Structure formats: C-alpha cells, structure tokens
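Student: I have a structure to go through. Can you take me over the charges, the symmetry and the odd backbone spots?
Tutor: Yes, put it up and ask as you go.

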There are 2 protein chains.
Amino acid sequence: MTEDVHAERRERATARLRETGAAGLVCFPSRNLQYLTGFAEEPGERHLLLVVPADDPPADGATATEPTLLVPALYETQVREETTVGAVRTWADGDDPTAAVRDLLGDLGLREGRLLVDDTMWATFAQDLRDAAPDAEWGLASEALADLRVRKDEAELDAMRAAAAAADETVRDLRDLGADAVGMTERDLADRIADRLAVHGGEGTAFETIVGAGPNGAKPHHGSGDREIRAGEPVVLDFGTRVDGYPSDQTRTLVFDGEPPAEYERVHEAVREAQAAAVEAVEPGVPAEAVDRAAREVIEAAGYGDAFVHRTGHGVGLDVHEEPYVVAGNDRALEPGMVVSVEPGIYLDGRFGCRIEDLVVVTENGCERLNDTDRGWR
Amino acid sequence: MTEDVHAERRERATARLRETGAAGLVCFPSRNLQYLTGFAEEPGERHLLLVVPADDPPADGATATEPTLLVPALYETQVREETTVGAVRTWADGDDPTAAVRDLLGDLGLREGRLLVDDTMWATFAQDLRDAAPDAEWGLASEALADLRVRKDEAELDAMRAAAAAADETVRDLRDLGADAVGMTERDLADRIADRLAVHGGEGTAFETIVGAGPNGAKPHHGSGDREIRAGEPVVLDFGTRVDGYPSDQTRTLVFDGEPPAEYERVHEAVREAQAAAVEAVEPGVPAEAVDRAAREVIEAAGYGDAFVHRTGHGVGLDVHEEPYVVAGNDRALEPGMVVSVEPGIYLDGRFGCRIEDLVVVTENGCERLNDTDRGWR
C-alpha cells in the first residue's frame, strides 16, 4: 500500500465524522490508528493518541486544524518515518501527558461537542480525555469508521487472499502428518502450525492458535495444552496468520489416524453441510442474520441445535473480529467488499467438537471463498 | 499456584475496595481478572466480566453478594473448570448482553456509588457499564488493586526467576552465534530468540521482540525488520518470555563480530555504569525517582544526557509494564517484593543505540537481580 492510502483514509474519516455529527475522533494504538496512519503498535501505558478534528475550517477558537499525533518522545523518529501525519507533538517520560492532551484538544477546538474514541481504547486514557474535555459528549469510533473499514479495497483483499493461502498450505501440511501427529501434544501442533505459517509467507499468528483434541475440542475457546493427540480423536484446528497486516482465520477438524466415533462422522457431515448452506446464502443485500439462520437450520435438522453454541461468524479485517457479525438479530445487509467468516460448529461436552470455517468476500453477485483446502476430517 | 490463591486474592480485593471507598469492581479479560481468578484470556468483542461487590452484608436492595462472572455461553465449561468463582452467569450469541450487565449490577446493588473498572477496559464495555449504572461514579481498578499486585509473593517470584533464567540462557545462545549472526536479518534473530526461549522452558514471548541493528537500535521501540546484521554493528536485543503467566524482561546490546565504532565502546561503558548505579540504588524506602536519578546522573556526566530519552524502568508483574514506574516525579517508596526493570539507554539518531536491562526484586535490605548473564557487548 502506498503512503497516500492513509492520507486518503484520514480525509474520508473526516467526512464521516461530519456526516455522523461528531466534532472529532481520538485513536490510541488500535486497528483504527493502523487503518488511518499505517502505524501498527500494541497499546501500552504511555499516552499515544491521534486526534482528528471534523471541521474544516476549524471550530471557533481553534488554532490548529490538522489530524495530530501526540506521542511519547521515544516514538518520534519512528512515527515520522512510518506515517504521513504532518502534525506530531511529543511528551517525554517525566512530563505530565494529561496536560499535553488538554492542550491538544483545546488547540483543535475539541473541548466540547461529540467526540468519538476507539472502541478498544483503555479506560485509563478514555478517563483522561473525559477529564480534559468535561463538557464533551462521548461516543465510539465505530459509529464513524466501521462503515469505511467494513468494505475492503483490492489491496486489502489481496493481502487477505495471501494470508488465506498460507493457512490453506498449512492445513495441507497438517493433514500430511497423518499418524505422525499421534503422541504429539496440542502445544507441539500449535508450534508446528506457527512454523508452517511462516514458511508459507505468513507473518506470525493472528490470534492464539486453537488445537482442541477430543474433549478439549468441545470447548470452543480452548487454546492448546499438554494433551497428547490420540488415534481416532477429532482435533479442532483454528488458526490464522497475517500478510501486510491483514489476517486469515480458518478452521478444520481432522482425525489424524484411526477411525473416529461413529457419531462423529454424522456430526462432521452436518457441520460441513451447514457451512456450505451458509456460504451459499452469502450475497449482497442478504441480512447477516440470514446467513446464521442458513447454517443453524441444517444443524437443527440434524438434531444438534443445542450444541451449536455460538454465532455463525464475524467480519474480518485489520481486526480479526469486526463488523458485520453473522448472528441472529443482525439485520444489516451484506455489501460487496465485506469479508466474513462462516464457521458453524457442534460441541458435545466431554466428548469432542467439530468446527469448519472459511473466510468469504461478498462480491457483486455472490461470494468468493478465500479458503479452498479440503473440508473433510481424513 | 493452588486454586485457593485466587479466592484469597478476591477477599483481599474486597477489603481494598472498602478501604478505598469503592462500592464495586468490574474486570474484563485483563491481568486483574487473571490475578483474581486465574482465568487468562485476551480481550474480545464479547462481554466477559467479573463483578466484585465491596459490601458484605450486601448493599440495600441487593439480592446477590458474591463475586460473579458474566460470560459468553461458549466459555462456560472453561470458566467453571479453570476458576473457583462460584457464581457464573451466561449469555448466548444473539442475546443482548447489555441487559445481562444491567441485571447483574442491579442484583449486586451496584447501580450507584463509586465503581472501579480495569485500567485497560475497552471503551465499548466501559460505555455499556455507564449506561447500565448512569448514577454511578467511575474510577480505575488500579486505585484498589495496584497495592495488592505490586508486592509479589514467593510463588510469583519463583515464576519470574524461572522466566529470567530462560532469557539469560537465550542471551548466552545469541552470544555464541558470534560471526554466524552476520547476514541474518533482525527478523531471523527474533525467530531464533523465540525458539531458544521455548527450549529453555519459556512460554511464548512476553512482548514483541526487539532486534535493533545499527541505526534501528536508535529507535527504542523498533521491533524487528529485514535489515541484515553487519559486522561491527551494535544490536539491541530486548525480549521476554513467561513462566506460569509471569514475564521476564531483559535487554543486552551485542556486537556479534568485528569492532564497533570507537564511540560505541564509550557509550556502552556509560550505560553499563548507569545501570549498575541504578541497581545499587534499589532498596526499601528509596523513592522510585531516585533510581532513575542514579542512572541519569552517570549518563549526563558522560555527556549523553539528551540521548537517554526514556525513563529508567517500570514495575513488572502479570503486566510487563505496571507500577511502580522508575521515572522522574514518582516519589513512591520502594517496598520489599516489588519487581522493577532497570534499563538505561543511549540512542544516537541514525547511528546506533545501546540499552542494558535487568529485572530486580526489592528485598528487605537491598535487591536481588533476576538476570545475571554478562552485560558486555562482545
């Protein structure tokens, strides 16, 4: 992505602020900050803020009008090199950053009106902002930015295609392990997954890798532990990597060796059909909840409705989980450029779990699957 | 750690709430939640809250009195297995979690009074809590919990000693690379570090590994990139791992092969002396800022005061950065059981950086270093 992409996004964000009646936006180290500046950083205890005013010309009494970064002095070189934000203010360890925050909001004319903060902003920073602008009204950045971020452009989609391909290749490597996986621990497999994702061009893991063997697979958010993989045991494998900052997110459930319980084959088939039905339902104009419904109906018909304990999916972008959520009650219509996960599952407490997940992009007349590796358990 | 540790901590937290005049505490997936329940989870978009009321007997009108977890249904099995919290409520995808939050606060008598939230709580959840209890007054969890967490018990210290030992061994492995490191990229070295930490018993990396070669070392928060290591070039290596959830944090600056610039040797020596002086200053009763002062004086005397652009250190516990901060203006007295990093540095823009960091535990009459591997650049 060229640097201009971020300046353009800041302009579109400013326009969205005006459309939604917000006076300004404050980001801390978040995916919004990355989206608007290209600067990717984990949140930390030091004040690092981007303040974007909505008004141009500036609000009454304002002496500054540009989007402005306030950063710890030790980040200054990096921020100037890695972003095209022209206005950068710094504060040093030992200074009081809350005074700098107050001054910045004042200079931009943002001590009142509706101010949006990152949905993920830490309470400690949100509290400092409230103290700095006690007369402002507070909202969340998603009110303005979600609509921009939810539709991916071609550069974003290319990154996600590459990340998905790295994950697909990794699934193939896992399948090739076959009986060699028996006796490895879940954690060994998670390490193996990290290695193979890197070999296939991925940058790190996009979230904690899930390797849920046997009964651990029945806990949808189990990570990975000391349990050894056994023959005949279904293993839920849910992992992702990133390319150019954009993630993949994919699940396969494999039996590495031997025969699974007879019921497992029925469960796997129901999940596979549910996933196919949901993918089939994805097209522009369809409400997100209809995709959830499509998967749920198949699983209910198979008699496992109570064992499908989560929504069918979520939007995916810089955040692995973002809008639109594919869940009952979400009547938001799908639009071209949206990327969602489709991941029904069945979880039988104390026995096993099964989940199959792909990412799909909504296209002009249907959808494109980003993952295409085999969905069977063998 | 036995399970009772967490129940005891919840009792001490309740006592601290009463001491600080708070009516209750709300945690989301945070280090506070891990400290109070043992449940370690990354924050996500689903409401997962622990609410701890201060009063026993309960507040007027309250129908419940116990610390209560409100979790997504898909976490229920895991939370019941991994914590000793007796009261667990669930909500399912498709339900409105904000209604469950409102009910829970009401049942515990926490719709008013002073309520504390995690310092790292996401704005989206803090906003929902404000909506659920519009008459409450809001503060940060650190007001009550920081004093508990800041002094480590023996089990916590043992975990940190083991994590530090894994990091020390990894530094030895890096030093052994010698000329073999030349031509590797920063990212190759970061991958090598992750491998070696695991071999020496560490669990993952505690934060993004920093490998700053040559001019990249002058950016204190550079991660790792494509730059190849060259002979004669100082490389800043800052990394950590975890054992039983507790992190290490250590920095060495090495020249893998050849001779560094003549000025580098003077810089390294100044940083080493500054670090030794600061460690020497650590003892109970000494204000944190005095430790910062001790390091800064040595570096100023060497003529590099302006190039030491950050504080001398930070507390370390479940959070890699926590109280007490070793920074000018922090007059908090050190106490036995506190663990702090001591990490002065000198950064010459466009040329190189040098930082040396160890963790130390404040003891009854001085301090114990957790890291003991060589501090030289060869």
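**Charges, symmetry and backbone**

Student: Which residues form the negative surface patch?
Tutor: This is a predicted model. In it, Asp188(A), Asp191(A), Asp195(A) and Glu228(A), along with Asp188(B), Asp191(B), Asp195(B) and Glu228(B), form a negative surface patch.

Student: Which elements give two or more residues to it?
Tutor: Those are α8 (186–199) of chain A and α8 (186–199) of chain B.

Student: And where is Glu228(B) found?
Tutor: Glu228(B) sits in the chain B loop between β7 (210–213) and β8 (234–239).

Student: OK, symmetry. How is chain B laid on chain A?
Tutor: A turn of 180 degrees with a shift of 0.0 Å along the axis puts chain B on chain A, with an RMSD of 0.0 Å. That is the relation of a two-fold axis.

Student: Which C-alpha in chain B is nearest the axis?
Tutor: The one of Trp122(B), at 2.5 Å from the axis.

Student: What about the contact residues of chain B, how many recur in chain A?
Tutor: 100% of them recur, so the same surface serves both copies.

Student: Switching to salt bridges. How many over all chains?
Tutor: The count is 74 over all chains, taking a side-chain nitrogen of Lys or Arg within 4 Å of a carboxyl oxygen of Asp or Glu. One of them joins the side chains of Arg149(A) and Glu322(A), with N to O at 2.8 Å.

Student: What does that pair tie together?
Tutor: Arg149(A) is in helix α6 (residues 142–149) of chain A and Glu322(A) is in strand β13 (residues 322–326) of chain A, so the pair links parts 173 residues apart in sequence.

Student: Now the backbone. Which peptide bonds are cis?
Tutor: Among them is the bond joining Glu323(A) and Pro324(A), where omega is about 0 degrees. The bond from Glu323(B) to Pro324(B) is also cis, with omega near 0 degrees. Pro324(A) lies in strand β13 of chain A, and Pro324(B) lies in strand β13 (residues 322–326) of chain B.

Student: What is the phi of Asp244(A), positive or negative?
Tutor: Positive, about 50 degrees, although Asp244(A) is not a glycine. Most residues other than glycine have a negative phi, and most peptide bonds are trans.

Student: Where does Asp244(A) lie?
Tutor: In the loop between β9 (242–243) and β10 (246–247) of chain A.

How values were computed. Residues are numbered from 1 along each chain as its sequence is written. Chains are lettered from A and ligands numbered from 1 in the order in which they are written. This is a predicted model: local features need pLDDT of at least 70, side-chain atom pairs count only at pLDDT 80 or more; totals for chains, interfaces and linings use all residues. Side-chain values use heavy atoms; hydrogens and water are left out. Copies are superposed by least squares on the C-alpha atoms of residues with pLDDT of at least 70 in both. Contact means heavy atoms within 4.5 Å. Patches are made of residues with over 30% relative accessible area and no salt bridge: like charges are joined within 9 Å, nonpolar side chains (Val, Leu, Ile, Met, Phe, Trp, Tyr) within 5 Å. Accessible areas come from the Shrake-Rupley method with a 1.4 Å probe; for residues, only the protein chains shown count as cover. Lys and Arg count as positive and Asp and Glu as negative; His and the chain ends are not counted. The place of a charge is taken as NZ of Lys, CZ of Arg, CG of Asp or CD of Glu. Helices (H or I, at least four residues) and strands (E, at least two) are DSSP runs, numbered from the N terminus.
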